[in-house]
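Let's take a friendly tour of one protein model. Keep the 3D view open and click along as you read.

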Amino acid sequence: MNLGYLAYRNMVSKPLNLLLSLLLLSLSVSLVTFVLQLNKQLSGQLNKNIAPFDMVVGAKGSPLQLVLSSVLHIDVPTGNIKLKDIDMLRKHPFVEKTIPVSYGDNYKGYRLLGTELEYLERYNAELQEGRLFQKSFEVVAGHGVSTRLNLKLGDTFTSSHGLVGGGDGHDDHLYEVIGILKPTGSVVDQLLISNLESVWEAHSHEDAEHDESSEEHHDDSHEEHGDQNGHEHEHEDGEEDKLEEDKNLEITSLLVKFKSPLGMVQLPRFINENTSVQAALPGFEIQRLMGLLGSGATTINGIALAILLVSGLSIFISLLKTIRERRQELALLRTYGFHTRQLLGLALLEGVFLALIGFVAGWILGRLGIWILSGYMSATYGYTFQINGPEMIEILLMVTILVLAIIAALMASISIFKLNVAKTLSNE
């Protein structure tokens, strides 16, 4: 007689007991595998996106917010900074490269980023078709954006003010898609990238309107006071205003790559203490963020471990109850020639089946959770997670669960060794 088939029949004969044991076991496994995958993939995504840059310089505020907004593009900026305030950084001996970035507009919820071509090189972004931007209002679309919005070469659009859809549109400036990038697996996939001049020119009309209203007010006041020298200085004032405007051009932040590790040690502190701008280290801020997330992960894993122990207890109780209720059946099996070790093997097989089915169900649930979260993250932040196969730590978890199930089965099977066949059958 097949022990495996007997073990299967024993399991399904008590569906409620089977369901409870599997539910507890699969819940604990799904929690553990979900948290492990989430931590690993989130950490990998964040580290990949911050790797090209050692420091971010922006407006005063939260350093974590500065990193999230300027490097990962999942938060709002802390403000704008003037180019003249960071000019010294671009010439500093510790600095290898600086890349300015400016943003504040979107197209259907996807950020429009003004920067330099070096930004794409830092992420190893390559063209799938078209060419790179060469003048204002030419846009290179990341692979994710072009796929979701079905953008093609030659398409045109107007941007909206703000970082989410629904803002006021810049109808007087039309962007043209002149290039589409290959997938990079980085934040570049979710961006529409143009040069800095595009962002400045798109917002220049707002400043011009503000200046015109101020100028009208000034002219009215000027006439009231009867100033006769205004026309004589008009040309001179215009030149001074233009020079001042060039010096006061603003960007959202500056991305910095160091030549020397000394730059990472000395420059951030110097900038934060002696300038009007703020410096943040992406590596440090992301490590701090993952530390905060890690506390939550540890708590969830602790809960999962508790559920796992309860599931082990449930398997033990289920097997113990099954063996006691089937004493006559076990005695009959002995009369048919089954040895004690075979009866013990029957109980062990039942425990192993429960453990394997529970682990597989829990693993699938965990991956289903990653798939659902990936859809949400992709729609909200443009980040996606991969559905990976079993990893070494998960295989170790399965082995641990099997050992736990075997121990529970052995403890529940002690009465098999004390089985008195004659007495049990006579009591039937």
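Here is a short briefing on a covered strand, a covered helix and a nonpolar surface patch. Keep in mind that this is a predicted model. Strand β1 covers residues 55–58 and is hidden on both faces, while helix α3 (residues 63–70) is mostly covered too. For something out on the surface, look at the patch that includes M392 and M411.

**Strand β1 and its partners**
- On one side of β1 you'll find M55 and V57, on the other V56 and G58, and all of them are buried.
- β1 pairs with strand β12 (residues 253–258) in the antiparallel sense, using four bridges.
- Look across from M55 and you'll see V256 of β12 standing opposite.
- β1 also pairs with strand β13 (residues 278–280), again in the antiparallel sense, over three bridges.
- V57 has A279 in β13 as its bridge partner.

**Helix α3**
- Of the eight residues in α3, six are buried.
- The buried ones are L64, L66, V67, L68, S69 and S70.

**The nonpolar patch**
- M392, I395, L396, V399, V403, I407 and M411 together make a nonpolar surface patch of about 630 Å².
- One of these patch residues, M411, sits in helix α13, which runs over residues 392–412.
- Is M411 buried, partly exposed or exposed? Its relative accessibility is 46%, so M411 counts as partly exposed; that label lies between buried (under 20%) and exposed (over 50%).

Technical notes:
Residues numbered from 1 in each chain as written. Predicted model: local features only at pLDDT ≥ 70, side-chain atom pairs only at ≥ 80, totals over all residues. Heavy atoms only, no water. Patch = residues over 30% accessible without salt bridge, like charges linked within 9 Å, V, L, I, M, F, W, Y side chains within 5 Å. Areas by Shrake-Rupley, 256 points an atom, 1.4 Å probe, with all protein chains shown as cover. Salt bridge = Lys/Arg side-chain N within 4 Å of Asp/Glu carboxyl O. Helix = DSSP H or I, 4+ residues; strand = E, 2+ residues; numbered from the N terminus. Buried < 20%, exposed > 50% of the residue type's maximum accessible area, 1.4 Å probe, protein only. Pairing = 2+ DSSP bridges.
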